[in-house]
Amino acid sequence: MDYGSSSLYQAPLSSALVYEAYRQRQDLIARKQLEIAALLEPEATDYVHREVHLKLARYMVAAWMVDRQKADAAEVARQEGLDPKAIEKPVKYLKDDGSFRPALAKWHAATADTVHAVAGEYAALIAEPAARWKGILEKWARPALNDLAAGKKPAAKVDELTWLRAMVTDSPAHPGAIRLFQTGSLQFVRPSMGSWIMHGLGTENQNLPGFVVISPMLY
């Protein structure tokens, strides 16, 4: 039997009216999610600046007390007026684990007599770029709120984009580009971006890898 003249017929699972109603509802949900994100982002930025950047020296000293003096983190946070959850990260990151981190050498050598001064020095290094970054985020948030109020989306979507203008490569091949992107080297001689992030920030996973790299080809 010859089926060459047959045509494919795809029967819709629902009517066009039902589909259009579904699409409009999904668009409404997406707009509301953008509005929520635009409202929460300035609050989150302000919290980080107010509770972390401006109190960085105090958090570092608190982390030193928890690590070196084995003080209770919750009690230190209560006495110093700090967020107990926010102390956990500096405790993990600032701990001397024997790895090569020359930027923290002065911190690891700090004593009870010098820890406040050393923490102040580190906080001063971060204060200016932190304030500048806060200003950049606030500048992005205002247009996003204005656009959302007018029913527009572009500015709110900017937070989901990253513009990289300083990346170069000496190889046009995709496999090599993947290795360069992940490690900065064409050969497997350097740790990947994921391992550096996990090294600095740690991982919440208890029984899963801290990061996974998916590469289409390795040759």
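How many helices and how many strands make up the secondary structure of the protein chain? In this predicted model, the secondary structure comes to 9 helices and 0 strands, and a reader who follows the sequence from its beginning meets the pattern α-α-α-α-α-α-α-α-α. The protein chain has 219 residues, of which 23% count as buried. Among the contacts in the protein chain with a separation of 6 or more, 50% are accounted for by residues that stand 24 or more positions apart.

With that outline in mind, we can turn to the empty space between the atoms. Rolling a probe the size of a water molecule over the atoms shows where such space is left. The largest pocket holds about 470 Å³ of space. It is lined by 17 residues, and those closest to its centre are Val52, Leu56, Pro90, Tyr93 and Ile126. Two or more residues of the lining come from each of helix 1 (16–53), helix 2 (56–68), helix 4 (84–94), helix 6 (115–149) and helix 9 (193–201). Helix 4 gives the most to this lining, with 5 residues. When the lining of the largest pocket is divided by residue type, 15 residues are nonpolar, 1 is polar and 1 is charged.

Tyr93, already met as one of the residues closest to the centre of the largest pocket, also has a charged partner. The charged end of Arg101 sits over the ring of Tyr93, at 5.1 Å from the centre of that ring.

Rings can also be paired with one another, and a pair of aromatic rings is described by the distance of the centres and the angle of the planes. A search of the whole structure finds 1 aromatic pair. Its members are Trp107 and Tyr122, whose ring centres are 6.4 Å apart and whose planes stand at 90°, so the pair is edge-to-face. The pair links distant parts of the chain, since Trp107 belongs to helix 5 (residues 105–108) while Tyr122 belongs to helix 6, and the two are 15 residues apart. Are these two partners buried or exposed? Trp107 counts as buried because its relative accessibility is 2%, and Tyr122 counts as buried because its relative accessibility is 15%.

A few single residues show how these descriptions apply elsewhere in the chain. His49 has its place in helix 1, and with a relative accessibility of 15% it counts as buried. If residues up to four places away in sequence are not counted, His49 touches Leu54, Ala130, Ala131 and Lys134.

Ser192 lies in the loop between helix 8 (174–183) and helix 9. Why does Ser192 count as buried? Its relative accessible area is 12%, and a residue is called buried when this value is under 20%. Leaving out residues up to four places away in sequence, the residues that Ser192 touches are Gln182, Thr183, Phe211 and Val213.

Thr203, in turn, is found in the segment after helix 9. Its relative accessible area is 31%, so Thr203 is partly exposed. Once its neighbours within four places in sequence are left aside, Thr203 is in contact with Met198 and Gly210.

Definitions and conventions:
Residues are numbered from 1 along each chain as its sequence is written. This is a predicted model: local features need pLDDT of at least 70, side-chain atom pairs count only at pLDDT 80 or more; totals for chains, interfaces and linings use all residues. Side-chain values use heavy atoms; hydrogens and water are left out. On a 1 Å grid over the protein atoms alone, a cavity is a set of points where a 1.4 Å probe fits but cannot get out, and a pocket is an open set with protein on both sides within 12 Å along at least five of seven lines; lining residues have an atom within 4 Å of a point. Grid points are joined across faces, edges and corners, and a volume is the space filled by probe spheres set on the points. Helices (H or I, at least four residues) and strands (E, at least two) are DSSP runs, numbered from the N terminus. Ala, Val, Leu, Ile, Met, Phe, Trp, Tyr, Cys and Pro count as nonpolar, Asp, Glu, Lys and Arg as charged, and the others, Gly among them, as polar. Buried means under 20% relative accessible area, exposed over 50%, partly exposed in between (1.4 Å probe, protein chains only). Contact means heavy atoms within 4.5 Å. Rings of Phe, Tyr and Trp (its six-membered ring) pair if their centres lie within 6.5 Å; planes under 30 degrees apart count as stacked, over 60 as edge-to-face and the rest as tilted. A charge sits over a ring if NZ of Lys or CZ of Arg is within 6 Å of the ring centre and within 35 degrees of the ring normal.
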